[in-house]
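Visitor: I'm new to this one, so please walk me through it slowly.

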Amino acid sequence: MKRSPLSFPFFPGDWLSSARIAAMTPAQEGAYVRLLAYTWEEPSCCIPSDDSTLATLSRLGPGWRRLKDQIKACFTTCPDHPERLTNLKLWEQRQAYYAFQNRQTEAGKRGMAKRWGSLSQPDNQTIGSLSSGYEKTIGSLLSGYEKTI
């Protein structure tokens with residue numbers, strides 16, 4: 001299971017210019033931010049869709065029934081989990097994060113392979129057993145350095 005990124009992107013211009021956000025009460029806006037945070041923390045970037053759980057997560061409690069319509073309008077069915085909800089913009093940002101993470105991982109693997117070659121040696125040596133050659137190389141470098149001092 002993939003780990004959630006530590007923070008989620010927030011676009012103040014989009015937030016402040018959103019007619020949906022402007023129409024919310026401060027309680028609804030706070031509940032929406034809390035639900036976005038819970039959404040981001042989930043590895044699937046989706047939250048439960050049942051009103052009981054959403055009332056608890058949003059901290060609106062019994063007030064959820066009265067205030068939920070404008071908040072739920074900012075969520076959609078999760079593409080990967082149809083029984084859950086997600087915020088589409090947040091979900092797209094998460095997918096972009098995972099794509100970037102995968103590209104970086106692959107680039108690191110290619111760089112490592114280019115620099116060090118394959119980790120599986122033909123004579124079945126492990127990386128630990130190759131360290132003696134490394135120590136000899138460092139030793140020869142240091143001995144040459146001492147001669148120049």
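Guide: Before we begin, a word on the labels: the helices and strands here are runs assigned by DSSP, with at least four residues for a helix and at least two for a strand, and they are numbered from the N terminus. Please also keep in mind that this is a predicted model.

Visitor: Okay. How many helices and strands does the chain come to?
Guide: The chain has seven helices and three strands, and if you read along the sequence, they follow one another in the pattern α-α-α-β-α-α-β-β-α-α.

Visitor: Where's alanine 73 in that?
Guide: Alanine 73 sits in the loop between α5 and β2, where α5 covers residues 64-72 and β2 covers residues 76-77.

Visitor: Is alanine 73 buried, exposed or partly exposed?
Guide: Its relative accessible area is 37%, which makes alanine 73 partly exposed. From its C-alpha to the C-alpha of asparagine 87 the distance is 9.5 Å, although 14 residues separate the two in sequence.

Visitor: Different topic: how do the three strands order themselves in the sheet?
Guide: They form an open sheet in the order β1-β3-β2, and the pairing is antiparallel. The strands at the edges are β1 and β2, each of which pairs on one side only.

Visitor: And over how many bridges do β2 and β3 pair?
Guide: There are two bridges between β2 and β3, in the antiparallel sense, and threonine 76 is found opposite threonine 86, a residue of β3.

Visitor: What about disulfides, how many does the count come to?
Guide: The count is one disulfide, formed by cysteine 46 and cysteine 78, whose sulfur atoms are 1.8 Å apart. Cysteine 46 belongs to the loop between α3 and β1, while cysteine 78 belongs to the loop between β2 and β3, so the bond ties together parts that are 32 residues apart in sequence.

Visitor: Are those two buried or exposed?
Guide: Cysteine 46 is buried, with 0% relative accessibility, and cysteine 78, at 2%, counts as buried too.

Visitor: Why is cysteine 45 too far for a bond?
Guide: The closest cysteine sulfur to that of cysteine 45 belongs to cysteine 46 and lies 6.3 Å away, which is too far for a bond, because a disulfide needs two cysteine sulfur atoms within 2.5 Å. Cysteine 45 is itself buried, at 0% relative accessibility, and another cysteine, number 74, counts as buried at 9%.

Visitor: What is the phi of cysteine 45?
Guide: Cysteine 45 has a positive phi of about 60°, even though it is not a glycine, and its place is in the loop between α3 and β1. Arginine 59, also not a glycine, has a positive phi of about 65°; it lies in the loop between α4 and α5 and is exposed, with a relative accessible area of 65%.

Visitor: Now the inside. How much of the chain do buried residues make up?
Guide: Of the 149 residues in the chain, 25% are buried. The largest nonpolar core holds 24 residues, and those with the most contacts inside it are Tyr32, Leu35, Trp64, Ile71 and Phe75.

Visitor: Which elements give two or more residues to this core?
Guide: Those elements are α3, α4, α5 and α6, and α3 provides the largest share, with five residues.

Visitor: Last thing: how much space lies in the largest pocket?
Guide: The largest pocket holds about 300 Å³ of space. It is lined by 16 residues, and the closest to its centre are Trp15, Tyr32, Leu36, Asn87 and Lys89. Two or more lining residues come from each of α1, α2, α3 and α6, and the largest share, three residues, is given by α6.

Visitor: What does the lining have by class?
Guide: The lining of the largest pocket has ten nonpolar residues, along with three polar and three charged ones. You may recognise Tyr32 among the residues closest to the pocket's centre, since we met Tyr32 among those with the most contacts inside the largest nonpolar core.

Notes. Residues are numbered from 1 along each chain as its sequence is written. This is a predicted model: local features need pLDDT of at least 70, side-chain atom pairs count only at pLDDT 80 or more; totals for chains, interfaces and linings use all residues. Side-chain values use heavy atoms; hydrogens and water are left out. Buried means under 20% relative accessible area, exposed over 50%, partly exposed in between (1.4 Å probe, protein chains only). On a 1 Å grid over the protein atoms alone, a cavity is a set of points where a 1.4 Å probe fits but cannot get out, and a pocket is an open set with protein on both sides within 12 Å along at least five of seven lines; lining residues have an atom within 4 Å of a point. Grid points are joined across faces, edges and corners, and a volume is the space filled by probe spheres set on the points. Ala, Val, Leu, Ile, Met, Phe, Trp, Tyr, Cys and Pro count as nonpolar, Asp, Glu, Lys and Arg as charged, and the others, Gly among them, as polar. Two strands pair if DSSP finds at least two bridges between them. A nonpolar core is a set of buried Ala, Val, Leu, Ile, Met, Phe, Trp, Tyr and Cys residues joined through side-chain atoms within 4.5 Å.
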